[in-house]
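Here are a few exercises to work through with the model open on your screen. Try each task before you read its solution.

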Amino acid sequence: MTVSKPVVLIAEELSPATVDALGPDFEIRSTDGADRARLLADLPGADAVLIRSATQMDAEAIAAAPDLKIIARAGVGLDNVDTRAATDAGVMVVNAPTSNVISAAELTCGHILGVARNIAPANGALKAGEWKRSKYTGVELYEKTLGIIGLGRIGALVAERMKAFGMKVVAYDPYVTAARAQQIGAQLLGLDELLETADFVTIHMPRTPETLGMISDDQFARMKDTAYVINVARGGLIDEDALGRALEAKTIGGAAVDVFVKEPAVDLDFFGYDNAVVTPHLGASTAEAQEKAGISVANSVRLALAGELVPDAVNVAGGAIDPYVRPGIPLVEKLGRVLTSLLHQKSLAAVEVVVAGELAELNVDSLRLAALKGVFTDVVSGQVSYVNAPLLAEQRGVDVRLTTTPESPAYRNTITVQGVAADGTQAAVTGTLTGPKQMQKLVGINGYDFEVALTDHLLVFNYADRPGVIGLIGARLGDAQVNIAGMDVSRSDSADEALAVLTLDSDLPEGTTEALAASIEASMVAEINLEDTGR
């Protein structure tokens, strides 16, 4: 039987290193993401789609790809991805937030130098046959003040580089402490004071409702009439109409802009000014940045399609995963599935994940995500992922808790997933990882202690403890041609009740579980299939 490979759809031109990083485990298809009709026609069957900025992955596109598990943007911005629609559909969204930081910082520095020395207009004039040396007299950067709006990764790199020119650096960033600014070598100011002080203003903020148009008429009015403004961050941070008015009125000395509200942009009004230098969104357009972005998202795709949690996905909560915690993720997901089987897929009211032992000292938020994914995998018809599992819990009013304790008497670590159904039924299942190979073990159900391998096929019985029951179970399974791989029996404190957990080599024939439960007068029975659902 031939197993089909997951399909990765590449919607825009990416570096060859991207395909190399994906490796041979996927079927690679290509489409033109800018051609809407072709994109929608090619999305069905795709498990992953890799895009840059020209492909719109909105709700319609996401709905056209029912098998989609991850949207990977080989770049920084996600303006062209409907993250909410992706989350609702259980689709992971990843980008490469650090891939272009050096390229963007260097382009910013290039624009600062360019506007200071009139490089672009002087070049244009000379190529047009005009020698206008006196017209393009510039200014030195030495001892000038650079105002940086947004002192994140790129802003800090710009500060570091421009200080080498002898510039004084001031910055506005409400999320940066004075100590951090001092470390970078910048003086923190309010936005108005920065605009009034700076000879060059460069903006490095994300585009949000709060930052859209944050540099407009009022801000230009505060700037020196010799000051220059540079935007290599996101289109719309500078009000484009207001910029045209400022250049027309000579309220500022000039501008350099690499990003625009609508792209491609080729005929904006302010393009006509000699002191406005524009480039076609080149911030990440270096061979190095493209390679870094491609390799980064390719690695994320490999993880996501292997069913692993990608902690830096933009719509997955949890943060970085400690290497000591990561092996517990698939274990806990299976425990969540066992829980819903014990509750016979009843609607849940509450779920609690209890982490005990050495793991309790670490960030184990990812284990809560894994438990929720497991809990809903066999009860929801659509795709369940680390992305939408918390949303499914929220929509169903399920109270979700994560508890940690350093006390774990029997094992170095245990993880318990316990739940309460809407009708009040309760169940709990405990697992652990043992040995150098970190073998998954089931070590507790509903207060009964035992130890069996956590395999794909499990059978659990509660019954009145008496002689002959174990033999009867073995005989019935033998008649059904089902092999018992392992078994453990645990008795209640009163010794009246027992719980038997069997690991089996295969599924049971239809009706076998019910007949066996009746023959031993079981008070509880659960047949558990943990095979990959393919969803």
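**Warm-up: Leu-107**

Leu-107 sits in helix α5 (residues 101-116); helices here are DSSP runs of H or I with at least four residues, strands are runs of E with at least two, and both are numbered from the N terminus. This is a predicted model, where local features need pLDDT of at least 70, side-chain atom pairs count only at pLDDT 80 or more, and totals for chains, interfaces and linings use all residues. Residues are numbered from 1 along each chain as its sequence is written, and side-chain values use heavy atoms, with hydrogens and water left out.

**Exercise 1.** Find what Leu-107 touches, not counting residues up to four places away in sequence.

*Solution.* Start with contacts, meaning heavy atoms within 4.5 Å. Leu-107 touches Val-232, Asp-258, Leu-282 and Gly-283. Then try a long jump: Ala-485 is 378 residues from Leu-107 in sequence and 63 Å away in space, C-alpha to C-alpha.

**Exercise 2.** Work out how helices α16 and α17 are packed.

*Solution.* First, get the angle. The axes of α16 (residues 469-479) and α17 (residues 512-519) come within 10 Å and cross at roughly 155°. Axes are lines fitted to C-alpha atoms over the stretch in contact, with angles from 0 to 180 degrees between N-to-C directions. So α16 runs roughly antiparallel to α17, a label for angles over 145 degrees.
Next, list the contact: α16 brings Leu-472, Ile-473, Arg-476 and Leu-477, while α17 brings Ala-515, Leu-516 and Ser-519. Finally, sort by class: five are nonpolar, one is polar and one is charged. Nonpolar covers Ala, Val, Leu, Ile, Met, Phe, Trp, Tyr, Cys and Pro; charged covers Asp, Glu, Lys and Arg; the others, Gly among them, are polar.

**Exercise 3.** Hunt for cavities of 30 Å³ or more in the whole structure.

*Solution.* On a 1 Å grid over the protein atoms alone, a cavity is a set of points where a 1.4 Å probe fits but cannot get out, and lining residues have an atom within 4 Å of a point. Points are joined across faces, edges and corners, and volume is the space filled by probe spheres set on them. The search finds two cavities.
Take the largest cavity, with a volume of about 40 Å³. Its lining includes Asn-231, Glu-240 and Phe-270, and splits into six nonpolar, two polar and one charged.
Now the second largest cavity, at about 30 Å³. Among its lining residues are His-457, Asp-507 and Ile-528. Strands β19 (457-464) and β22 (524-529) are the elements giving two or more residues to that lining.

How values were computed. Angles under 35 degrees count as roughly parallel, over 145 as roughly antiparallel, 65 to 115 as roughly perpendicular and the rest as oblique. On a 1 Å grid over the protein atoms alone, a cavity is a set of points where a 1.4 Å probe fits but cannot get out, and a pocket is an open set with protein on both sides within 12 Å along at least five of seven lines; lining residues have an atom within 4 Å of a point.
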